[in-house]
Amino acid sequence: MNDVGYAALVLALLFSVYGAAVSFWGARKGLKELLESAEHAVFAVAALTTISAAALLYALISRDFSLEYVASYTNSTQDILYLIAAFYGGNQGSLLLWAWVLGIIAALVIWLHRREHGDLMPHVITVLMITEFFFITLMVVAANPFTKLGFQVADGQGLNPLLLNMGMLFHPPTLYLGYVGFAVPFAFAIAALVTGQLGDRWVKVTRRWTLFAWFFLTLGNLFGAQWAYVELGWGGFWGWDPVENASFMPWLTGTAFLHSVMIQERRGMLKVWNMVLILATFCLTIFGTFLTRSGVLSSVHSFGQSALGPYFLLFISGTLLATLSLLFYRLDDLRGDNELDSFLSRESAFLVNNLILIGAAFAVFWGTVFPIISEAVRGVKLTVGAPFFNQVNLPIFLILLTVMGICPLIGWRRASKENLLRNFMVPAAVGLASAVALMWLGVREFLTVLPLALCAFVTVTILLELVRGVRARHNLRHENYFSAIFTLIWSNKRRYGGYIVHLGVIMIAIGVIGAYGFKSEKSATLAKDDTVQIGDFVLQYKGSSNYPAKSHEVVAASLDVFEGQRRIDRLVPRKNYYPSQEQPSTEVAIRTTLREDLYVILEDVSEDGSASLKVLINPLVVWLWIGGAVLLLGTLIAFWPDAREKRRKTVVAEPQESRSLQAVGSQGGRR
Amino acid sequence: MSAVDSRARAATSPSKDRIPARPQKKAWLPRLMRQKKFIFAGVIIGLAIAYLIFSALQGTTMYYLTVGELKAKGEAVYTEPVRLGGKVVDGTIDFNRNSRVLKFTVTDGKESLPVAYSGVVPDAFKPDADVILEGKFNGTDFQATTLLAKCPSKYVPTGLE
């Protein structure tokens, strides 16, 4: 099986080169047979990478310790779920996951779009297959998951205990789907540049792919935060580690892209800007993959040092060079159809949103690569940590929140000031009122009050927008208010899906503000029946217990939680000791309410039975996860196929031809 | 110049909204001039962000040093927090349960330094683990306020002695 897996990889490598080259030539010479052959090559790559992935999966599940990869990341006591998760637990396997997902997505792209967009398809194939070629090359040359160990081992080393968490099952695959997903809009962008079809077609085709990638990248980041929160045991969910930044940067530029393509679709503007954004996003996904495995930046989450760095840098710089020269070549054709009319327009609000998102991405990038730059320029390695990122990003994200609130209030093109002021009054009043209310409740920190008031402001703008729509539907069509909400959202999925996403973002912001603004913590060493107080809670230590589990020893401390005189809960923070890893794994105990999380870390239990604990109150953290769910729901609504869209497609049979005719006509008219 | 101008202006007029403009060569400068207030605003935003980055860097940068480099700096860094990377020396780990202070020696392969740390010990902390410390050096030992640990990722064949 292992030889089959490797052979499939090598074959996939050949087919990816073949596909890339043949579709390029086929498009140049206009040879239909070559193009068809290239498409078949893509299907072959998808099949071969699937075979290769299946072979590795089989080796993992059957615990075939003759493979170095299997012996490194599985052992005889590991659960089946974590045997599967071991697939991407190491450098080699995660590269295979990248290549496999890309293979499948490339095949899917051809299957879905080749009829309507046959003219773009050859170049899309070339781009996707070059990327595929790059990832398979990495495996074949430097990081082969099918390397044989060469000697017998009784048992494998197993996944690191920190990875034995539900987060490991969800975080990496979703993140990779997000990373790989952005290759599709990028490939279409290149195809648009090469063919000169620079209208909004490539944007329209890839809207759902962008949403798809954004959906999974968001999900991946949220799963990562949640995993860090429950597993790493320091009470936080985001540490601005290089690896976290690596997945946050493409999210920022991807979010900017998602917004700015709307302007291209609607007003035919920002064509160059969109090209630059998708290029940046694609490069950042590759850069993120590179950061986690190059060893250039010290990170606690990265894979070990590997020799892949130069390959990645070569690929990224090649991509940048090729795309930027194409862009330069097409610069004249990328002129906007319209220009900005007024500061008070949705276009400029979107532009501000874009600049700010890019600014945030750049700030995060700069902080992340700062050690490398300072070492190269000044010869000393200087680093920045969480304080830098918090300090830079706080004002940036406050402005972003504000823009998010203002955007729905402003019309396209040129908004009237009176109109804007009228729309502005209620939300601004509510924002102000909530600020006063917070102060009255005893919250005095300016940097906590201001963001929360902004959140109230934005929420009201969105809700007002909904109310207006619902009222109009009620008056015009006599629908009752309740059902009008659903029909309104369902008949404008993109718009209201977007607003729901914004509501989710607000909830996430509230979670972040709570966790940073109101956090409290306490350390204590308790003998049996001793208590410790934090906030409104009193925790009483009721003793510890030791017991063996399947693959590890468990030490657990039991704590009764009292609120006033009433016992409300029992928390059992644990520590798992894995003999095969000589390493414990701290399992925190969390009591979650909508208001706050009571978060208990067991540091250790000494021989005399006393337990050392760290207790934290993390206010409002649960809103991160609720907001995440709302945001994903909104994305799904925006993603959902639209009946109107389908009808439009069938009525206007050949949108492309009619457009070019129109263009010719207008040119002729002016001449 | 004027011809270019009027045509471009026509493209912005409301009635021609949906008609794609003709591609034109070499019309960049006048276009840019007409949009100058927006470009100006964009530049202001860009500068503001640059200033934010610059000012945040002032207070938050830290030297990232190996044990040898730290010792070589000596007195120069006694007063400022630094980041120190190295490996935990096997057999030097000593944890005092009463004072909750963890002591161990960190090495860069050549030189080594005693470390004192109080706080939550990360799970991955163990002999030979790679650690990143933040704290101050006082000439004899390193008082760490942050301890990050990464497990050695090299393959260790178990059951083969």
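## The order of elements in chain B

Which pattern does chain B follow when it is read along the sequence? In this predicted model, the order of helices and strands along chain B is α-α-α-β-α-β-β-β-β-β-β, and the chain holds 4 helices and 7 strands.

Of the 161 residues in chain B, 24% are buried. Among the contacts of chain B with a separation of 6 or more, 42% join residues that are 24 or more positions apart.

## Confidence in the model

For the complex as a whole, the predictor gives an ipTM of 0.79 and a pTM of 0.88. Chain B has a mean pLDDT of 76, with 74% of its residues reaching 70 or more. Among the elements of chain B, the highest mean pLDDT, 93, belongs to strand β5 (residues 112-117) of chain B, while the lowest, 42, belongs to helix α1 (residues 2-12) of chain B.

Over residues 1-19 of chain B the pLDDT stays under 50, and the model has 15 contacts beyond four places in sequence for this stretch. Residues 153-161 of chain B also have a pLDDT below 50, and this stretch has 17 contacts in the model beyond near neighbours in sequence.

## A helix in chain A

Helix α1 (residues 2-29) of chain A has 28 residues, and because each residue should add 1.5 Å, the helix is expected to span 40 Å, which agrees with the 40 Å between its end C-alpha atoms. After α1(A) comes Gly30(A), which has a positive phi, near 70 degrees.

An α-helix has 3.6 residues a turn, so residues three or four places apart point the same way.

Methods. Residues are numbered from 1 along each chain as its sequence is written. Chains are lettered from A and ligands numbered from 1 in the order in which they are written. This is a predicted model: local features need pLDDT of at least 70, side-chain atom pairs count only at pLDDT 80 or more; totals for chains, interfaces and linings use all residues. Helices (H or I, at least four residues) and strands (E, at least two) are DSSP runs, numbered from the N terminus. A residue is buried if 20 or more other C-beta atoms lie within 10 Å of its own, exposed if 12 or fewer, and partly exposed in between; C-beta atoms are placed from the backbone. Two residues are in contact if their C-beta atoms, placed from the backbone, lie within 7 Å. pLDDT is the predictor's confidence in each residue, from 0 to 100. The expected span of a helix is 1.5 Å times one less than its number of residues.
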